[in-house]
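Please look over the chains shown below, with attention to one sheet and to the contact between two chains.

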Number of protein chains: 2
Amino acid sequence: MSGVIEDTLIEIAIVGGGIIGLSLTAGLIKQNVNVKRSQIRGFRSDFSNLDDNDPNDNLRWVHGYNKRKKEDPFYQQALFKVDAGYHGFDGTRRDRFLEALDKIIPRRIVELKKRLDTIEKKSDGRIQLKFTDGTWAEADFVIRTDGIKSRVRELMFGLDNPISFPHYTHQIAYRALIPMTKAIQALGEYIARNQHNHVEPNANLIYYLVENQTMINTTAFVFDPNEWPDDKVIVVPGLRTDLEKAFAQWNPCFTALIQHFPEKLEKWAVFDTCDYPAPHFNQGVIYLTGDAAHASSPHHGASACCGIEDALCLCTLIDQVNCSLRGNSAITKEEALCAAFIVFDATRRTRGQWLVNSSRRVCDLYHQPEWSDEKKWIKAETCFEEIKDRSLKISHFDYDAMMKTAVQEYAKMLPAKV
Amino acid sequence: MSGVIEDTLIEIAIVGGGIIGLSLTAGLIKQNVNVKRSQIRGFRSDFSNLDDNDPNDNLRWVHGYNKRKKEDPFYQQALFKVDAGYHGFDGTRRDRFLEALDKIIPRRIVELKKRLDTIEKKSDGRIQLKFTDGTWAEADFVIRTDGIKSRVRELMFGLDNPISFPHYTHQIAYRALIPMTKAIQALGEYIARNQHNHVEPNANLIYYLVENQTMINTTAFVFDPNEWPDDKVIVVPGLRTDLEKAFAQWNPCFTALIQHFPEKLEKWAVFDTCDYPAPHFNQGVIYLTGDAAHASSPHHGASACCGIEDALCLCTLIDQVNCSLRGNSAITKEEALCAAFIVFDATRRTRGQWLVNSSRRVCDLYHQPEWSDEKKWIKAETCFEEIKDRSLKISHFDYDAMMKTAVQEYAKMLPAKV
């Protein structure tokens, strides 16, 4: 578990020590409540990482397949760019972001290496969490931020229910960190030195600059028509030759890049909650947030961002719950928390589910069969008006308006002061 | 052809006498230029019609397939609603809208029943239009608003080019005007008396209230896996029994409604420009606008609206061309018109093409196979967050911002005054 926040009025248990759990904990600490938390894992530098000094303000797409200008060995048709948000591409490494959050959070509230076994509501309305090591904790309110494989989905919806588990998106991800010198040799100076997403039928390859622009952090996504054999094991050994086959028809500068992937590499199966979304994100005062509620594939690179928005909304509402409990004797703790959840659900659910669907949709657009048929290129390129709308909906999200609306809607739910 | 606008500085020929041609002509007349125009056809009351007194401010979707509440014979699950724009559902009959526009336009500028044969640029830069009756006209600038089968696409892109022709969307539309009393018997009071779009696998049925709410104007769209045999004949005789087969699995109140379609009815094949969009919407000073440029299927009910936005943008720019020719001797007529077109294209092309794609996309979402599988209903319903965004992008379009941007961008294109 992640922590227990002991406010004078409500105690909150946060289960999960990833970005969402820590963001939420840090947010609540800023409200002067007491917090416990656990399990900082060393996340590997991944998909959403970017060096702070990267000069790019845009997301860019290029044609991974075209070979129109053979006289220029590095030519790849520029397809589209869209501004990357309020601060441009204001990236950080996930592990460093977690370390920075961790510094805000006092040791005493952290329970390390706990593994949740059961959650039960006691007769006094409090929630009891039992762990696999035989210990237990209590809280008024439980927030699950424990990711795509959240055990609480099983507890909430049942072991034989497809809603309890993420499902295979039929995409396999292959990752590599490639030195900039090698990337420039393969792709040319401009394309290598700027973030690009290369699209082609049934595959795309995206990279971000990391480590002070000395490396590109590359992920190739390849469509897999088969079922995934075992959803407990989503990372399996693979070979660069698998990738070479998928990219054989690509622009030659691109196939040169593939040579810098390791000969033996990992195949990551991409899972999400698209096919069986949860009908509700709570069971009484036990809430799901982030990937535990709505696990997205990574094609927007925005799944953690959406979870942080969830955390911001929850922090805002918990602050309101505390204020209303102090000032209004006509409302019980449980009523206040349930009112907050109704507002949270109305504010956040559609955006979380939209992201899951939208990530699938942009992957379909990146992987259009039309990219390999010159007669269809104009048609294929019209997809970027839609991709622009979807990208801006993510990067230009009005979080001030979200917080303001949440506060207003919560106030409407309260009984008049007595 | 539609008309020739004889300004003191530029003459504009508008080819096409539909909503876009008339809107454009009427807009230019307001700028005190002289206009000619032709061919008012009596349009049938169709898909986009609505009675002015309709109280609805929303678009609504209901489940056409579910049978969850057998105790209530009229039950259809309400799925979603979204506000229908600045003025709510501010509808009118297409023929009456055309009549109203026609009253603004003086007879003397109209050339009736002309059929364009060729367009050529003369050595003095003027455009000569030859008609099939042997007559001809000249102008500085030609705007084609002659719809999905625009002859000018053939002239612009060539007879053997798929870009020159609209293509089959694999949807067949069946239409009927049904008296309100019959609609209420079949659907119940509330659903019949409000605009609704009923969705199910591979089909949807939409209606609007017309004739002072005494009738519903109904269109059923049914997926057709086959190719359409002859793109010159897009309306062929059909039978109600075809429709009964497609809707056999629907909610029974719905199959009751089908009984009020005529026994013999027309099958309308739906064509659009989605698969082969035009790479450019002009050839020098000959422009395509509206469906001639970007013909959309009718699933957003917004194809004519988008063409009227085109007309508004063009009127705004032509006004600027006139102003700049009066005030700036450093620019020629052709340079000014070409600058205006570059701005028009940058302002309008992506929106027109987006609408074509978006109409196809919402049809796919309306026709999701998931509607017939109860385990997939939650997934199916998540589509409405996307449908909301698409609907609002149409109905809440900021035309003031469009005009302002067009004026600013045109000013940037002009050489400094000498």
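In β7(A), which residue is the bridge partner of Q128(A)? The partner is E138(A). This is a predicted model, in which local features need pLDDT of at least 70 and side-chain atom pairs count only at pLDDT 80 or more, while totals for chains, interfaces and linings use all residues. Residues are numbered from 1 along each chain as its sequence is written.

**The sheet.** In chain A, 3 strands (DSSP runs of E, at least two residues, numbered from the N terminus) make an open antiparallel sheet in the order β5-β6-β7. Because β5 (116–121) and β7 (136–139) of chain A each have a single partner strand, one side of each is left without a neighbour in the sheet. Strand β6 (residues 127–131) of chain A pairs with β7(A) over 4 bridges in the antiparallel sense, where pairing requires that DSSP finds at least two bridges between two strands.

**The interface.** The contact (heavy atoms within 4.5 Å) between chain A and chain B is summarised here.

| Item, chain A and chain B | Value |
|---|---|
| Residues from chain A in the contact | 23 residues |
| Residues from chain B in the contact | 23 residues |
| Buried area | about 2,000 Å² |
| Salt bridges across the interface | 6 salt bridges |

Buried area is the accessible area (1.4 Å probe) that two parts lose on being put together, summed over both, and here 53% of it lies on carbon and sulfur atoms. A salt bridge, defined as a side-chain nitrogen of Lys or Arg within 4 Å of a carboxyl oxygen of Asp or Glu, joins R390(A) to E386(B), with the closest N and O atoms 3.0 Å apart.

Note on methods:
Chains lettered and ligands numbered in written order. Heavy atoms only, no water.
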